[in-house]
Amino acid sequence: MRNDNNNQSDYGTRNNDNDFSHKPTRDKIDLPGTEPRVFKILLLGGTGTGKSTIINTMTNYFLDGTLDEPKIVIPSKYYKVTEKGIVEILQIFYMDNQAFCTNPEIWKDDESERHTVQFHWDKSIKTIGNLLKEITKLSATSTQAFENMRDFRNKIKSEIVKVTQDIANIQKVQDALDAAQKALQKTGDQKKSFANYTKTESIKLKKIVRVDYHSTVCTLHLTKDIVCHEGCGLSEVTVSGTDHFLSCYCMGSNQLCKECGCGPKSHFHDKVKLVEETKTMNKVLEDMKAQYDNANQQHQKYSSDANNYQSSLANLQAAANAKYEYIHKLCLDLSKICSRFNFVDELHANIESMRQDARTIQNINLRKNAEMEIQRLEKLANDLSLKRGRTFK
Ligand SMILES: [Zn+2]
Ligand SMILES: [Zn+2]
Ligand SMILES: [Zn+2]
């Protein structure tokens, strides 16, 4: 015992000048095996039913208040006469508030009065002990419902926020999709306009071929695909450098060849003729082709973009729809555990905010869809609130 030297208890120290004082008998709640816990207690009751009295008595219970030094955390009027009726109203618990609203001088030196007050005081303290025992048994279940309700309410609000974000994202993707589709159309048109980058050209090709008759040709000009007189009527000669060809049909009056412009000495006979071949060629217009390729590349990119946007749009819409359904389910579940939950008042601001957002949606289908979902949610909130048996405007 460390305090052997100290014979005076705290209580004695405080009250050693008062003959009537005695150590209060605290029925300390003894709950073996119970871990210390924190209890949040909501005290409900009309005026005069004893809320302050319970709190004041509890304060004295835990903080060792006495009749001579009552601890009053919620003050009443000091001079106010005790309303005796309170005890009868509080039928379950006995609680006396006389000690908190009467001048302690009244019982300080009056043994009979003090005896009465002391009796009620002890009884109130004992009641708090019993009350606390009951609370430790009951509170775990009684607050769970409130927690559940709050969880549901928070979930509903958070889902509404999420679905609002979904709608904003859907709008963004829809914008991107619209842009991609526009670009797709444009690059498609460009592709069409540059599609004829190949041009067909027909070229006449001259060619010397062997034949079985002789023609007059020129030494200087045969290689340039010129036959001066095909099928020459002169007798065939095997030499050149003579005037033999002066009489050839190809010679003009100036003694120069009409075909090649040379004199007779450069001409000779050979078994050849000139043929012309028409060749068709596909000519690629490189500049146009480059533009076509560019348009084609962009067209493919926009096409793939548009497909991606389309599918993510579908996913986002499905996710948003799932959230709408989840919100409905949460509302219905909440209405089951809390039949008096005021959905209209609670969700009014959220629904209004959703409606504001929906107005800014450019795409008509998206806007209609969002507005329809908002109406559904509003109707659900109305229906659930009407079940409560009250009317709303
Ligand atoms: Zn000739
Ligand atoms: Zn000639
Ligand atoms: Zn010639």
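Start by selecting helices H8 and H9 in this predicted model. The two pack at an angle of about 170 degrees, and their axes are 10 Å apart. An angle over 145 degrees counts as roughly antiparallel, so H8 is roughly antiparallel to H9.

Now show the side chains between them. On the H8 side, pick out Phe-343, Val-344, Leu-347, Ile-351, Met-354, Arg-355, Ala-358 and Arg-359. Their partners in H9 include Arg-367, Ala-370, Glu-371, Ile-374, Leu-377 and Glu-378. Further H9 residues in this contact are Ala-381, Asn-382, Leu-384 and Ser-385. If you colour the H8–H9 contact by class, you will find eleven nonpolar, two polar and five charged residues.

Keep H8 on screen and add H7, residues 286-337. H8 itself covers residues 343-359. Here the packing angle is about 165 degrees and the axes lie 13 Å apart, so H7 and H8 are also roughly antiparallel to each other. Their crossing is right-handed. Select Tyr-324, Cys-331, Leu-334 and Ser-335 in H7, which meet Phe-343, Leu-347 and Met-354 in H8. This contact of H7 with H8 has six nonpolar residues, one polar residue and no charged ones.

You have already met Phe-343, Leu-347 and Met-354 in the contact of H8 with H9.

Next, hide H8 and look at H7 with H9. Their axes come within 10 Å and cross at roughly 5 degrees, which makes H7 roughly parallel to H9. From H7, select Gln-317, Asn-321, Tyr-324, Glu-325, Ile-327, His-328, Cys-331, Leu-332 and Ser-335. From H9, add Leu-366, Asn-369, Ala-370, Glu-373, Arg-376, Leu-377, Leu-380 and Leu-384. By class, the H7–H9 contact divides into nine nonpolar, five polar and three charged residues.

For the last stop, turn to the empty space. How many cavities of 30 Å³ or more does a search of the whole structure find? There are three, and the largest cavity holds about 70 Å³ of space. To see its walls, select Ile-167, Ile-170, Gln-317, Ala-320, Tyr-324, Ile-361, Leu-366, Asn-369 and Ala-370. Bring helix H6 (111-193) into view as well: H6, H7 and H9 (364-386) each supply at least two residues of this lining. The lining of the largest cavity has seven nonpolar residues, two polar ones and none that are charged.

Before you leave, click on Tyr-324 once more. Tyr-324 lines the largest cavity, meets H8 as part of the H7 contact, and takes part in the contact of H7 with H9.

Key: Residues are numbered from 1 along each chain as its sequence is written. Chains are lettered from A and ligands numbered from 1 in the order in which they are written. This is a predicted model: local features need pLDDT of at least 70, side-chain atom pairs count only at pLDDT 80 or more; totals for chains, interfaces and linings use all residues. Side-chain values use heavy atoms; hydrogens and water are left out. Axes are lines fitted to C-alpha atoms, for helices over the stretch in contact, and angles run from 0 to 180 degrees between N-to-C directions. Helices (H or I, at least four residues) and strands (E, at least two) are DSSP runs, numbered from the N terminus. Angles under 35 degrees count as roughly parallel, over 145 as roughly antiparallel, 65 to 115 as roughly perpendicular and the rest as oblique. A crossing is left-handed if the near helix is turned anticlockwise from the far one by less than a right angle, and right-handed if clockwise. Contact means heavy atoms within 4.5 Å. Ala, Val, Leu, Ile, Met, Phe, Trp, Tyr, Cys and Pro count as nonpolar, Asp, Glu, Lys and Arg as charged, and the others, Gly among them, as polar. On a 1 Å grid over the protein atoms alone, a cavity is a set of points where a 1.4 Å probe fits but cannot get out, and a pocket is an open set with protein on both sides within 12 Å along at least five of seven lines; lining residues have an atom within 4 Å of a point. Grid points are joined across faces, edges and corners, and a volume is the space filled by probe spheres set on the points.
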